[in-house]
Amino acid sequence: GLGALQWLAGHGADALAAWRRVLAIRQGRAEAMPDDRIEQAFVANAMERVAFFLRQEGDVDGAAALLDRAIAIHTATAAAVPEDVQSRIDLAFVLRASAELLQRSDRPAESLSRYREAVAIFDPLLAAGSLDVDGRMTMAAALQNLGVALAATGDEEGGVASASRALEIDRALAAEVPDDARIPFDLAVCLDALGGIERGAGRAEAALGHFRESLEIRRRLAQEGTRDAQLLRGLMVSHFTIGMALEDLDRRAEAHDAYAAAARVAAGMVDEGLNLPKSREDLAICEEARQRTAPDDGQANPSTAGR
């Protein structure tokens, strides 16, 4: 609890120190009870927490090493008690976390392998109805990121298929659990990812549909009162990706309007001091795109697409 509070207060180093103390306590108990699977699971879970804070503090190698150790513990537990559903879920969760870290560390082959392992564990659990909302959200995220990773290696069709499966899960969750505020955010991100893969495959029209749906979700969230840096940047991204797809389709005037809308959101974030200095970088990118697609005659565009 203290580590989480320190993290929320912006004290990352203190949070890391707190979770290291928790890990040391858990390891001491596990050494005293080596056959207690629950204590071993507690150690693995503490390792995952420490790995998270290590990554935030920039120690990617340390985080990766701890996640590998957590994977080893969960793998052993799942093998020893194959009927224990929770041990398999725990293993899939940490595999996904490790895959994300490897993906961000530009280690695509290892990342793909971990995502595939996670999905292979999730698949039968989903079919059996053994995954709760968090489990299904995590499976969708793994499929989505697997899709992005596949597309990055040139397997665009595999990427579309994987991200489309993620979208199916997110859509089902949005319908079944309409009051869970996390799900629309995940759905919008998944639409962004699938749109990006489709655009990379040369299917700009399909990508445009996904980007526009993502924008509508974020607009609805904003109208419902959600207003934070994450949502505002998502709105900016939606407008900008719409602009890129329209530019691919040679619809320059509409693209200009979409880039202008993205620039307005980014400028608002800068004015409010949100997500700095990233917001300033975003604004510069949006302004460059807006100017690049400006009408040659300097007249305003009649289109309002993307606004």
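## Overall shape

At 307 residues, this chain would be expected to have a radius of gyration near 19 Å if it folded as a compact globule, and the 22 Å it actually has agrees with that. Keep in mind that we're looking at a predicted model. Laid along its principal axes, the C-alpha trace spans about 80 × 40 × 35 Å.

As for packing, 44% of the 307 residues count as buried. Take the contacts between residues at least 6 apart in sequence, and 60% of them join residues at least 24 apart.

## Helices from end to end

The protein chain has 13 helices and zero strands, so to speak an α-only run from the N terminus on.

Helix 9 makes a handy example: its 19 residues reach 27 Å from first C-alpha to last, close to the 27 Å expected at 1.5 Å a residue. Just after helix 9 comes Gly202, with a positive phi of about 85°.

## The largest pocket

The largest pocket holds about 1,600 Å³ of space. Helices 3 (37-56), 4 (60-80), 5 (85-104), 7 (133-152), 9 (182-200) and 11 (229-248) are the elements that each give two or more residues to its lining. Helix 5 gives the most, with 10 residues.

In total, 42 residues line this pocket, and those nearest its centre are Arg55, Arg96, Glu100, Arg104 and Ala141. By type, the lining divides into 20 nonpolar, nine polar and 13 charged residues.

Key:
Residues numbered from 1 in each chain as written. Predicted model: local features only at pLDDT ≥ 70, side-chain atom pairs only at ≥ 80, totals over all residues. Heavy atoms only, no water. 1 Å grid on protein atoms, 1.4 Å probe; cavity = no way out; pocket = protein on both sides within 12 Å on 5 of 7 lines; lining within 4 Å. Points joined across faces, edges and corners; volume = space filled by probe spheres on them. Helix = DSSP H or I, 4+ residues; strand = E, 2+ residues; numbered from the N terminus. Nonpolar A, V, L, I, M, F, W, Y, C, P; charged D, E, K, R; others polar. Expected span 1.5 Å × (residues − 1). Rg over C-alpha atoms; globule rule 2.2 N^0.38 Å. Buried < 20%, exposed > 50% of the residue type's maximum accessible area, 1.4 Å probe, protein only. Contact = heavy atoms within 4.5 Å.
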